[in-house]
Amino acid sequence: MQKSERPRAPRKVTGKWLALALALLVQLAFVAVLIFSVHWQNKKPEPVSVELYAPPSKTAVSDPPAKPPVAEPTPEPVPTPPPLPTPQPPPPKPAVVPPPAPKIEKPDTRAADIALKAKQEEERRKKADELRKDEEKRSRARQEALDHQKLDEKKKLDEKAAETRARQLREMEAMKAQAQREGETRAQAERDAQTRAQQSAQRAKAEGDWIRSIQAKVRGNVIVPADMAGNPEAIFEVVQLPTGEIIDVQLKKSSGVRAYDDAVQRAILKSSPLPRPERADLFQRSLTLKFRPTD
């Protein structure tokens with residue numbers, strides 16, 4: 001900001017000449033007073049006249065009056081010089097008062113000072129306003145930055161919370177799906193187990209029916225010995241073809257009666273081909289057959 005120049009008041013020419021004339025008048029008056037005071041001190045003294053008279057004699061009082069003498073002309077008195085005045089100390093000289101310096105009319109700067117002060121005050125006020133505005137602007141900027149930071153932090157927290165909720169939801173859904181899958185798996189396993197159990201039971205039943213049909217055919221060809229006592233069990237392993245034709249017969253467990261064992265073995269060979277199962281998947285190449293005399 002440039003420094004403002006102080007405005008100069010216009011010179012008053014008339015006032016200057018008036019002041020000069022007044023100063024000359026004061027000087028002349030002072031000179032006149034000095035001259036009058038010196039003339040008053042040097043005034044001449046006025047002459048003083050003195051008359052002398054003789055005192056009357058005593059004889060003149062007692063004697064008769066005589067003729068008055070002719071009065072001689074009285075000589076004129078010699079004028080006595082007046083006594084010299086007692087010297088007195090000279091009166092103090094009046095203090096010489098120097099003539100007042102001519103009053104130079106100064107330009108009236110009050111209006112300029114007032115205007116300058118007003119301008120300076122206005123500049124200070126503007127500067128204070130600018131500083132206040134700058135401070136308010138910085139304060140608003142700081143507040144906006146703080147608000148923005150808070151919003152960012154809140155946004156991050158919200159995003160983190162949303163991500164956490166989404167992750168928890170996904171985990172819950174995954175757990176539900178897993179539980180559902182496990183439930184379905186368990187249900188399917190149960191169904192499969194049940195199915196397998198049913199199939200196994202059906203298979204076992206079918207196999208049992210097939211084995212019993214073979215045993216029935218073999219028993220029809222067994223000739224039980226007459227002296228057979230009790231109900232011993234003989235176990236044979238039979239190897240067959242898919243057509244039911246017997247390839248081999250082996251005794252696995254003897255009944256203890258050789259005649260019964262041989263009779264059962266001959267009956268097995270005689271029963272070839274053996275009955276085939278109802279379903280092809282039930283076929284077994286090697287069969288274990290049990291026989292009792294009284295079954």
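This is a short conversation about helix H3 and some salt bridges in the structure above.

User: Before we start, what kind of model is this?

Analyst: It is a predicted model, in which local features need pLDDT of at least 70, side-chain atom pairs count only at pLDDT 80 or more, and totals for chains, interfaces and linings use all residues. Residues are numbered from 1 along each chain as its sequence is written, and side-chain values use heavy atoms, with hydrogens and water left out.

User: Thanks! How do you know that the span of helix H3 agrees with its 112 residues?

Analyst: Helices are DSSP runs of H or I with at least four residues, strands are runs of E with at least two, and both are numbered from the N terminus. The expected span is 1.5 Å times one less than the number of residues. For H3, residues 110-221, that gives 166 Å, and the end C-alpha atoms lie 158 Å apart, which agrees.

User: Which residues of H3 are buried, and what covers them?

Analyst: Buried means under 20% relative accessible area, exposed means over 50%, and partly exposed is in between (1.4 Å probe, protein chains only). Among the buried residues of H3 are Ala 112, Leu 116, Trp 210 and Ile 214. Their cover includes strand S1 (234-240), helix H4 (258-270) and strand S3 (286-291), where contact means heavy atoms within 4.5 Å.

User: What makes Asp 158 and Lys 154 a salt bridge?

Analyst: The rule asks for a side-chain nitrogen of Lys or Arg within 4 Å of a carboxyl oxygen of Asp or Glu. Asp 158 and Lys 154 meet at 3.0 Å, N to O, and therefore qualify. Both lie in helix H3, four residues apart, about one turn of the helix.

User: Why is Lys 154 called partly exposed?

Analyst: Its relative accessible area is 49%, so Lys 154 counts as partly exposed. Asp 158, at 39%, counts as partly exposed too.

User: Which partner does Asp 281 have, and where do the two lie?

Analyst: Asp 281 forms a salt bridge with Arg 203, with the closest N and O atoms 3.8 Å apart. Asp 281 sits in the loop between H4 and S3 and Arg 203 in helix H3, so this pair ties together parts that are 78 residues apart in sequence. Arg 203 counts as partly exposed at 29% relative accessibility.

User: How many salt bridges does the rule give, and which residues do shared partners join into one network?

Analyst: The count comes to 17. Glu 122, Arg 125, Asp 129, Arg 132 and Glu 136 are joined into one network through shared partners. Within that group, Asp 129 pairs with Arg 132 at 3.7 Å between the closest N and O atoms.
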